[in-house]
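Let's take a friendly walk through a protein chain together. Have a look at the picture first, and then we can go through some of its details.

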Amino acid sequence: MSSLRYCRPVARHLASLRQRRFVATDAPTLYTATATTQGPRGGQIDGSEGFSVAYAMPKALGGPGGQQKTNPEELFAAGYSNCFQVAMNLAANSMKIRLPRKIEDCQVKAIVQLIGDIRKMDMGFKVGLEVRVKGIEQADLEAVVQKAKEICPYHRATHAQVETDIKVFSV
């Protein structure tokens, strides 16, 4: 009986992997980005497109934090929200659904939580996405978000490993 309790989640995980689309490793490279981090607990991050920002350990984790400084979790949230927004636009276009043109009328907010035990070095992420779009029917927006989940490289890469909750609001 107790072994079934452990087998069911593994079976569900394997079934979800079979349903996922993977990009072949020999697929053509569309773009390459690089980022170089200097310093383990505070320093500088420089990106290949001219992005440059100071970073520091967040105050909540015992670091100094600080204005105009970032951290890996914030950068992950920024990348995920932006990537999902682009995927939504691609999905909507393919479905002949028009998203608003005004930037403030179409927003994706990513909430990234670092979870676990830092002393045991056992940590992971929990992600929430809040999608708010003006002037679109809820059902259409939900269809766009569903399709975006299939397109977004961040969502596809983390789907089986990161608990993600997506809330969709047509406003």
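K96 counts as exposed, at 77% relative accessibility; exposed means over 50% relative accessible area, buried means under 20%, and partly exposed is in between (1.4 Å probe, protein chains only). You will find K96 in the loop between helix 2 and strand 5. Its phi is near 60 degrees, a positive value in a residue other than glycine. Most residues other than glycine have a negative phi.

Before going on, please note that this is a predicted model, in which local features need pLDDT of at least 70, side-chain atom pairs count only at pLDDT 80 or more, and totals for chains, interfaces and linings use all residues. Residues are numbered from 1 along each chain as its sequence is written, and side-chain values use heavy atoms, with hydrogens and water left out.

Q68 also has a phi near 60 degrees, a positive value in a residue other than glycine. Q68 sits in the loop between strand 3 (52-56) and strand 4, and its relative accessible area of 71% makes it exposed.

**The chain as a whole**

There are 4 helices and 7 strands in the chain. Helices (H or I, at least four residues) and strands (E, at least two) are DSSP runs, numbered from the N terminus. Read from that end, the order of the elements is α-β-β-β-β-α-β-β-α-α-β. The chain has 171 residues, and 27% of them count as buried. Among contacts (heavy atoms within 4.5 Å) with a separation of 6 or more, 51% are between residues 24 or more positions apart.

**Three buried residues**

| Residue | Place | Relative accessible area |
|---|---|---|
| T70 | strand 4 (residues 69-70) | 6% |
| N71 | loop between strand 4 and helix 2 | 16% |
| V112 | strand 5 (residues 106-117) | 17% |

Which residue does the side chain of T70 join through a polar contact of 2.5 Å? The partner is the side chain of E74. A polar contact is a pair of N or O atoms within 3.5 Å; within protein, one must be able to donate a hydrogen and the other to accept it, and residues adjacent in sequence count only if both atoms are side-chain atoms. The side chain of N71 reaches the backbone nitrogen of E74 at 2.9 Å.

Now leave aside neighbours within four places in sequence. T70 is then in contact with I45, V53, A54, Y55, A56 and L75, while N71 touches A56 and P58. For V112, the contacts are E73, F76, A77, F125, K126 and V127. The C-alpha atoms of V112 and Y80 are separated by 9.3 Å, and these residues are 32 residues apart along the chain.

**The largest pocket**

A pocket is an open set of points on a 1 Å grid over the protein atoms alone, where a 1.4 Å probe fits, with protein on both sides within 12 Å along at least five of seven lines; lining residues have an atom within 4 Å of a point. The largest pocket holds about 660 Å³ of space. Its lining has 22 residues, and Y31, A33, G79, N82 and Y154 lie nearest its centre. Helix 2 gives the largest share of this lining, 8 residues.

Why does the largest pocket lie between domain 1 (30-70) and domain 2 (71-170)? Both domains give residues to its lining, so the pocket lies between them. The domain bounds come from an automatic or database domain assignment.

Notes:
Grid points are joined across faces, edges and corners, and a volume is the space filled by probe spheres set on the points.
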